[in-house]
Amino acid sequence: AVDHGAKVISMSMGTSSESLTQKAALEYATDNDVTLIAAAGNSNIDTIEYPAGYNNVISVGAVDQNNKKADFSNYGYWIDIAAPGKDILTTMSTKSPINNLRYDFVDGTSVAVPYISGIVGLLLSKNDNLKPEEIKWIIKNSVDSIDDDVYVGSGRINAKKALNIEKIPSGLVSISSPINGQIIRQDRINII
């Protein structure tokens, strides 16, 4: 995908084990200015899943219609952002109960990932010179707050806010927990 010009790779997959081959492929993608997005997992635990757990990947948790962590979504300091992931109407490969059409409601961090991918596409259509770390910063800092007692990312995505960010800081950026204000992660942004 990288060698054929992809700018975004959306990964609705995950496992608790790291893979050196996968990690090398993801580093190759990042080195070629490809933004990586992956599902955080659906086990309602704070154990890191991969590829979402790698620093060069935007890890995505899920929220429900009440702006709370979806009951299945993994959580923890390693998750970057949350998106809707509960009762999402989507196409299906088999007929579903809804009027015998090929649509149904599904849950999962995997269905939350495409929301982030879409925002990345919008950001790149506005400025195709954005680097993956800049896109990650924009997405994480253009959120609506989540009303929950566990950390499922810096907040819920907001495409309008993301598109309205004009200035990105340079240097080390700290990410604080919305729950207790403690620094939970630091990302380096290098803008040339």
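Where does Ile 165 lie? In this predicted model, Ile 165 is placed in the loop between helix H4 (159-164) and strand S7 (171-176). Leaving aside its neighbours within four places in sequence, Ile 165 is in contact with Lys 126, Trp 137, Ile 138, Asn 141 and Ser 142. For one of these partners, Ser 142, the separation from Ile 165 is 23 residues in sequence and 7.6 Å in space, taken from C-alpha to C-alpha.

Ile 165 also leads to a pocket. The second largest pocket has a volume of about 150 Å³; ten residues line this pocket, and those closest to its centre are Asn 127, Leu 130, Ile 138, Ile 165 and Glu 166. Sorted by class, the lining of the second largest pocket consists of seven nonpolar residues, one polar residue and two charged residues. Ile 138 therefore appears twice in this account, as a contact of Ile 165 and among the pocket residues closest to the centre, with contact meaning heavy atoms within 4.5 Å.

From here we can turn to the sheet. Strands of a sheet pair through backbone hydrogen bonds, either parallel or antiparallel. In this model four strands form an open sheet in the order S1-S2-S3-S4, and the pairing is parallel. Its edge strands, each of which pairs on one side only, are strand S1 (8-11) and strand S4 (81-84), and from one strand to the next the twist averages 30 degrees. Within the sheet, strand S2 (residues 35-39) and strand S3 (residues 57-63) run parallel and are joined by four bridges; looking at Ile 37, the reader will find that its bridge partner in S3 is Ile 58. Helix H3 (residues 132-140) packs on the sheet, where it touches S2, S3 and S4, and the direction of H3 makes about 25 degrees with that of S3.

The segments on either side of S2 hold two backbone details. Helix H1 (residues 20-31) has twelve residues, which at 1.5 Å a residue should span 16 Å, and because its end C-alpha atoms are 16 Å apart, the model agrees with that expectation. Just after H1 comes Asp 33, with a positive phi of about 60 degrees, a positive value in a residue other than glycine; Asp 33 is found in the loop between H1 and S2. In the loop between S2 and S3 lies Pro 51, and a cis peptide bond, with omega about 20 degrees, joins Tyr 50 and Pro 51.

Key. Residues numbered from 1 in each chain as written. Predicted model: local features only at pLDDT ≥ 70, side-chain atom pairs only at ≥ 80, totals over all residues. Heavy atoms only, no water. 1 Å grid on protein atoms, 1.4 Å probe; cavity = no way out; pocket = protein on both sides within 12 Å on 5 of 7 lines; lining within 4 Å. Points joined across faces, edges and corners; volume = space filled by probe spheres on them. Nonpolar A, V, L, I, M, F, W, Y, C, P; charged D, E, K, R; others polar. Pairing = 2+ DSSP bridges. Helix = DSSP H or I, 4+ residues; strand = E, 2+ residues; numbered from the N terminus. Axes fitted to C-alpha atoms, helices over the stretch in contact; angles between N-to-C directions. Expected span 1.5 Å × (residues − 1).
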